[in-house]
Amino acid sequence: MSAFDYLNSTITKYRAGTSDDPYIDITESRKVIKGQIQLNEIPVFLNKVKINNMFEIPPTDKSDINENEYRVDYVEGIVSFHSSAEGKTVTATYKGRGNHYISAARVWTHEENGDVKQTLQDVTDAASNFFYGGIYSPTTQYETYNIVRYLGSSYICIKATKGNEPTNTEYWALLSGYSFKGLYSSQTNYSGGDVVVDENNHKMLQSKTDNNQNNPLTDENNWQLLMDLTSVVATANAATNSANTAAQNANNATQEADQATQGAITAKNNADEATANANNAATAANDAASSANNLVDTFVSKGQYSATTPYNVNNIVLYNGSSWRCIKSSQGNTPSEGEFWTLVAIKGVDGNGAVSTVNGLSPDQSGNVVLVADDIGAETPSGAQGKVDVLAGQGNTKTVKQVSDEIGVLSNLQTTNKESLVGAINENVAQLESKTLSAGKVKTASMYSRAINDMGAIPNNALSTALQAIEIGTLRIAVMGDSISAGGDLVLPFEGYVDRLERTLKQQLPRTAVTLQNFALGGRRISNALDPNFVGGTSNTDTTFYTSWSVIGKSWLDTVKDFNPDLLIIAFGMNEAWVATSDNDFYKRLKSLVDASQTWASKPSTVYVTTILPTKNPEYYDQRQDITKSVNRAGRVLAKEYGLPIIDAGRLWEIVRDGIDDPYTSAIKISNFSDYADWTGDKSSFTLAGGVLSPNAGVTGKYVLNPRSFYNGDFSVTINPSVEDVNGTAWIMYRYSDLGHMLVMAGAGSGTGFLRLYTFDDGSYVPLVDLANLNIPVNTESRITVRALDDRHQVFLNGGLTIDHKTATNFHEGGIRLGSNFTPPKYSSLDINYAEPLKGEPIYTELELLGPFGNDPQSGNGINHPTGLGTAVSYCAAYGGLVQTLSERKNNKGMFLPHRIPNTEQGWFPTPAGWTQTNSSGETLYTIAVPLYRKKLGVALRNIDTGEYYTLVNADSTTDLADVTSGKFAYLENINGNDFVIVSSPAGPPTQAFDVYKYNE
C-alpha cells in the first residue's frame, strides 16, 4: 500500500495476475436474493464467472435476463439473474483479483440540506456505547447512549456523567412512561397518552389529545389505534373453517381413490393435495391462535410516535409507553420488533394510572395483563386440530395424512395443471422438450462466449492516451462511421451502440467527464473520411455533408481532428464491400486514417470496429457476403499489425446468425485426391491413377479445380515437370474465386528453376516475390508446400522455407486449382489441411437481427441496419472488453485531479537556505510551488515521461528532507501561501513533465 492509499475514501487492492502475485481460484455458493448475488471478490473479466447449467450474457447487454442466464458486473463483482432463480443457491467459480474497500467515515447516514450530520463511522462509534446498564448506580461512570432504569422508568444518557441522578435533564432523557385506563368509557375525561381497551371490537387505543371525553373511538383526530386483534381472531376462525373444508375435501378425494385402478391414481393425488391443505390449515389455525396469545402477552404502549415523521437510524422514540430505536430509515412504519425498529427499554412501573382490568382480568405487578385465546373468542389450536382429526379419520382407504406423506401437495406444483400429478408431469416434459438447446446451439453459445472473451484481451499500451485522459478526469471520444454507427432505422435512438457505449462509460466512470461525439455519416465511406474535398455544407451532396456538428468548408476528418479526441473509434466496412478489390482498398484506407490520426496533437488511442454482414436474401439486397467478410478480415489484419483493440461486431454477428466463428478454426485433412470426384474444370485433359494426376499427351493450358473453400491452412503437392523453364511451369492457385486468387508458379531447371508468388484481384497478375536459380530438376519429383494465414503467405520447397511474404489482398476463400498455362507437370501426394471456421447452429434468425424488409415501423431495415436486438448481440456485446479496460484504470487512479508541471526547467529551483539542500545520497534537492491543498486527503506524483509514480516521503518540515532520494518526493503545505513539491536530481533541475495528483475537494 502506498503512502497515500490509507487516506483514500475507496481503496482498491488488486492482484497483478503474475506468477509472483497470481489471481486466486474461488468457488462459492450464494443464495439469489432480489435477483442478485454479491461475490466475495472482484472477478477477472478474461477468465469469466462460471455457473453450472447457466449461460452468461455480456455485461454490456442491458436487455432483460432470460431464464437460465446471468449477467456479471466485473467492476463491482455482482451477478444478476432471471426472476426464476430467486431464492435458489447457485455456485460460482471464478478467478479473484481483489476488492474495493470504502472508509466508514466517507459513508453518510444522515444529512440536512446537503450537510452531512452523521456518518457510518459515527454510528459505529456510538453503537459501542448503546447498551442497557440495568438499575442506575451513582458510583458507575455512564457514557452517551447508556440506558438505565430508575424509580420504575427508563432513561438514556445524553452527556457522560457519574453521580448525577437520571432526573437531571442535563445528563439524562426520559425514555418511557404511559398510563392505562382500562375499558373505554364515554363518561371519562382522558388525557394525552392514556390507553384504553375497546372490548367489543378487540382493539386497544391511545388518546392523542387532552380533555378527550365522549369522543367515539373511531375518531382518528382524538384516538390512535395501537392494536387491532380483530384480524387475528378472524384469521384463526378462517383457518379453522379452511381446515374443516380441506379435511372434507380429503375425505371426498379418498372416496374417489376407490372407484377404479387408474382413476385411483388421479384421485389419490387429489387426496394428497387436500390432505396437505388440511394439515397446513390446521397449522395456520395453531399459528393464528398462538399469535393472538403472543400479541396480547407482549403488548407495549406506543407513546409519542408519529406516523407522519421520518425517522433515521438510531433515532429514539416513545411509543406505547416504551422506548424504541430505529434500525432502518422509516416513515409510517409502526414501531415493532423487526425490519425498522428494535425495543430499547420497556415501560417500568410508575404507580400512576395503572390499568384496573382488561376483560375482567387485573394487571400483574409489572402492569401487564395476560390474555389467552378464549378471552377474545378465538379458536384454540387444540380445538382446530381436533376438528381436523375427526374429519380426516373418515377416509375409506387411507388416512389423509398417509396419502399426504406419500405424494406431497399438488397445489405447490409450478405448473398450470394442479389437478393431476400425471398431467403436471406431462406438462413439464413438454416444456423441457421445447426449451432444450440442441447440441449445435450449445456449441454456438460457447463460440460466442469465447469470442467475447477474446475481445477482452486489449493489446498492451493500446489505450494509453485514453487511460491517461481518464486519470486527468476528462475523456473525449470521437466515433467515425456510417449509418449503423449513426443509429439508422432504430425506432428508439438510444438503442444504437454509440449511445449505449456513452451511457455505459458514464456509468462506469462517474468521476470522469466523458464527452462522446458521434461523427458518423449515413451512406458514407472511409474514402469520404480521407477526402479533403468532402466538406461541411448547407446540404448533403456527393461532396458536402450537413449535420448539427458540421462546419461549412471544413473536411470530415479535420472536424474530428479539431474535437481533440482521446479515443477514436473507427467503424466502416458495410459501404466499402462491393468489388473484388474492396479488401485491399479498405486495408490501405484504414491504414491511412489511423496514420493520419497519429499526427494530431491529441494522438488518440484508436479502436477498430468490424461491420455486421448484410442480408443473405438477394431479392432484398445484392451485396455479397464474401466481399463483406473479406473487408472485415482486412481490417482485423490492419488492427493486429497496429496493435489496435478490435470491437469485432462482425464476428459475433456471424456466430449468432450463421453459427460460424470465422477467425476460430479447426483442421480438416484430405489426402491423395480422395475427393477428386467433386473436382471440376478440364478433368478430361488429365488422368488420375494411383494418386498421380497426369496431363494427357499434348495438353497445354488446362486446369482442374477443387471447389471446396480454402482460406487459411496449408497444402502440399509433389510436382514432376517434364519441360524446363516457363514452358513447363506448375501453376498452383489457391483462394480461387471470381474475386481473385493467389498463384504460386514453379519453373523447372537444375539450378535455373524459380518460384514466384502473384496476386490476382483486379483482372491482372501482380508479382509479389520472384526467386531464381533454384534446383527444380525436370522429370524429378519436388515437394511444394503452401501455407496461408490471413495476409501471410509461405512457400516451402522440399521442406525448406523459400518464400515468406505478407500482402493485404485476397482475404476471401476459394478453391485450389492445379494445372498450367503451358505444359502441366504431374501432380501427386496431395495433402490439404483446411483451417475451417468452427460451426454450430444459428441462434437468431435474420428477421430478428435485421428486422423486416420494406416500410415497417419496427427497428432494422431487413437489409444492413440491425434491430435493437441485433445491435445488442453484436456491437454492444463486442465493446465489453474496451469498457472493462477503461473502467479498471478509473477504479485505480481516477479519483485524482492533477496539477501539471510542464517539462521545462523553469519553475524548479534548489531548496533555499535553511531547508535541507541535499539528500542522503548527496544529490541536490529541487522544489517547485504548487497550489494550496490539504495533503492528508492524499497526494501522488507521476513522471509523465515514464509513467512512474514516485513514493511520498513522510516529511513535514523544510529540514526533514534527507530521505527524498531517486523515485521519491516530499510535499510541504502552506509555506508563504504555497505548497511545495521536492524531488532530487543528480544533474541540474528536473526536465521531466510531472502530474501532481490530488483529490477533488
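Which residues in α12 are buried? The answer for this predicted model is that S582, D583, N584, F586, Y587, L590, L593, V594 and S597 are the buried residues of that helix. Before following them further, it helps to see the setting to which helix α12 belongs, for the protein has 17 helices and 51 strands, and of its 1001 residues 48% count as buried. Among the contacts with a separation of 6 or more, those between residues 24 or more positions apart account for 63%.

Helix α12 itself takes in residues 582–597, and its 16 residues reach 22 Å from the first C-alpha to the last, which is close to the 22 Å expected at 1.5 Å a residue. The buried residues of this helix pack against several other elements, namely the helices α10 (526–530), α11 (556–562) and α13 (625–642), together with the strands β27 (567–571) and β28 (605–609).

One of the residues in strand β28 is T606, and it counts as buried because its relative accessibility is 4%, where buried means under 20%. Leaving out residues up to four places away in sequence, T606 touches A462, L568, I570, V594, S597, Q598, L644 and P645, and V594 and S597 have already been met among the buried residues of α12. The side chain of T606 also has a polar atom that lies 3.5 Å from the backbone oxygen of P604.

Helix α13, one of the elements against which α12 packs, leads on to helix α14. Two packed helices are described by the angle between their axes and the distance between the axes. The axes of α13 and α14 come within 11 Å and cross at roughly 140°, and that angle makes α13 oblique to α14. The residues that meet here are Q625, K629, N632 and R636 in α13, and G650, R651, E654 and R657 in α14.

Helix α14 (residues 649–658) also comes up against helix α16 (residues 868–878), with axes that come within 8 Å and cross at roughly 140°. These two helices are therefore oblique to each other, and α14 passes α16 in a right-handed crossing. On the side of α14 the residues involved are A649, L652, W653 and V656, and they meet G870, V873, S874, Y875, A877 and A878 in α16.

A further partner of α14 is helix α7 (residues 439–455), and the axes of this pair come within 9 Å and cross at roughly 175°. That angle makes α7 roughly antiparallel to α14, since angles over 145 degrees count in this way. The contact is made by T444, M447, Y448, A451, I452, D454 and M455 of α7, together with R651, L652, I655 and V656 of α14.

Another helix whose length can be checked is α9 (residues 497–508). Its twelve residues should span 16 Å at 1.5 Å a residue, and its end C-alpha atoms are indeed 16 Å apart, so the expected and computed values agree. The buried residues of α9 are Y497, V498, R500, L501, E502, T504, L505 and Q508.

From the helices we can turn to individual residues in strands. T729 has its place in strand β36 (residues 725–737), and it is buried because its relative accessible area is 0%. Its side chain makes a polar contact of 2.9 Å with the side chain of W731. Not counting residues up to four places away in sequence, T729 touches M745, A746, G747, F754, G819, S820, F822, T823 and P825.

F754 appears again in the surroundings of L774, which lies in strand β38 (residues 765–776). L774 and F754 are 20 residues apart in sequence, and their C-alpha atoms are 5.4 Å apart in space. With a relative accessibility of 17%, L774 counts as buried. Beyond residues up to four places away in sequence, L774 touches G749, S750, G751, T752, G753, F754, L755, L797 and T802.

Is Q38, a residue of strand β3 (residues 36–38), buried or exposed? Q38 counts as exposed because its relative accessibility is 57%, and exposed means over 50%. If its neighbours within four places in sequence are set aside, Q38 is in contact with E28, R30 and G77. The C-alpha atoms of Q38 and D73, which are 35 residues apart along the chain, are separated by 9.7 Å.

Key. Residues are numbered from 1 along each chain as its sequence is written. This is a predicted model: local features need pLDDT of at least 70, side-chain atom pairs count only at pLDDT 80 or more; totals for chains, interfaces and linings use all residues. Side-chain values use heavy atoms; hydrogens and water are left out. Buried means under 20% relative accessible area, exposed over 50%, partly exposed in between (1.4 Å probe, protein chains only). Contact means heavy atoms within 4.5 Å. Helices (H or I, at least four residues) and strands (E, at least two) are DSSP runs, numbered from the N terminus. The expected span of a helix is 1.5 Å times one less than its number of residues. A polar contact is a pair of N or O atoms within 3.5 Å; within protein, one must be able to donate a hydrogen and the other to accept it, and residues adjacent in sequence count only if both atoms are side-chain atoms. Axes are lines fitted to C-alpha atoms, for helices over the stretch in contact, and angles run from 0 to 180 degrees between N-to-C directions. Angles under 35 degrees count as roughly parallel, over 145 as roughly antiparallel, 65 to 115 as roughly perpendicular and the rest as oblique. A crossing is left-handed if the near helix is turned anticlockwise from the far one by less than a right angle, and right-handed if clockwise.
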